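Visitor: I would like a close look at a single part of this protein. Please take me through one strand and what surrounds it.

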Amino acid sequence: MKARSLPTVTADQMREIDRIVVEDLHIDLVQMMENAGRSLAELAIRSFKPDSATVLAGSGGNGGGGMAAARHLVNRGVDVRVILAASEGSLGPVPARQLDILHRMGVVVDTDPREADVVVDAIIGYSLRGDPRDRAAELIEWANEQTAPVLALDVPSGLDASSGSVGSPCVRATATMTLALPKAGLLTAKDHVGRLFLADISVPRPAFERLGIALPALFGFDAVVELE
């Protein structure tokens with residue numbers, strides 16, 4: 001499927017779509033996060049067949065999706081270590097719930113990343129404001145030093161989802177799985193995006209239609225499709 005033939009969304013449009021889904025259509029953020037995490041784990045297994053994975057998780061919804069993916073990877077027999085980009089106390093309510101589940105499962109949550117067969121970038125999503133800083137920046141730089149493939153969730157951390165402006169630092173992903181619709185900035189930063197995939201996270205068609213976005217049939221045979 002041609003990425004440039006699809007409608008794209010800016011960060012502000014995606015925020016409004018998320019608001020419509022949660023407030024008006026009463027679909028829980030947890031539900032969408034679960035769909036994102038399951039699809040990300042499945043894509044990691046299909047594409048890279050890892051025995052081990054290091055998941056870099058931020059404090060917001062992107063990090064929560066990464067932690068959901070970590071759980072699904074563990075369930076599929078992958079040795080997973082989760083590295084937080086912020087203190088546990090700074091996590092939002094939904095990511096904190098995902099982290100609590102990982103603790104109860106006995107998944108390793110650590111401060112120091114390790115080499116693995118695949119690195120999952122779930123540090124910063126479309127909510128990026130300026131260049132990454134502090135621990136987030138350190139983890140991005142670490143990811144870029146790895147020889148293992150890097151799989152980014154929604155947008156590579158450090159990339160402006162609307163403009164495609166590359167921050168300092170910015171993840172150079174082997175592949176990116178974006179959610180619901182491609183973010184506009186992904187189409188202008190191929191060197192950082194890598195192979196681009198689109199995942200269905202159960203955003204209903206009316207949520208797009210309220211913003212005047214005509215949505216073609218995307219997921220007839222699979223919840224994750226590759227975009228050219």
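Guide: What follows starts at one strand and then moves to the loops and the core.

This is a predicted model, in which local features need pLDDT of at least 70, side-chain atom pairs count only at pLDDT 80 or more, and totals for chains, interfaces and linings use all residues. Residues are numbered from 1 along each chain as its sequence is written, and side-chain values use heavy atoms, with hydrogens and water left out.

Start with Thr176. Thr176 sits in strand β6, which spans 175-179. Helices (H or I, at least four residues) and strands (E, at least two) are DSSP runs, numbered from the N terminus. Is Thr176 buried or exposed? Thr176 is buried, at 0% relative accessibility. Buried means under 20% relative accessible area, exposed over 50%, and partly exposed in between (1.4 Å probe, protein chains only).

The side chain of Thr176 has a polar partner. One of its polar atoms lies 2.8 Å from the backbone oxygen of Val193. A polar contact is a pair of N or O atoms within 3.5 Å; within protein, one must be able to donate a hydrogen and the other to accept it, and residues adjacent in sequence count only if both atoms are side-chain atoms.

Now the wider surroundings. Leaving out residues up to four places away in sequence, Thr176 touches Leu151, Ala152, Asp154, Val155, Pro156, Leu186, Val193, Arg195, Leu196 and Phe197. Contact here means heavy atoms within 4.5 Å.

Next, the loops on either side of β6. The loop between β5 (150-153) and β6 holds Pro169. A cis peptide bond joins Ser168 and Pro169, with omega about 5°. The loop between β6 and α6 (190-193) holds Ala180. Ala180 is not a glycine, but its phi is positive, near 75°. Ala180 is buried, with a relative accessible area of 6%.

Finally, the core. A nonpolar core is a set of buried Ala, Val, Leu, Ile, Met, Phe, Trp, Tyr and Cys residues joined through side-chain atoms within 4.5 Å. The largest one has 63 residues, and Ile17, Val82, Met177 and Val203 have the most contacts inside it. Helix α2 gives the largest share of this core, 7 residues. Another core lies apart from it, with 16 residues, including Ile83, Ala85, Ile123 and Val171.
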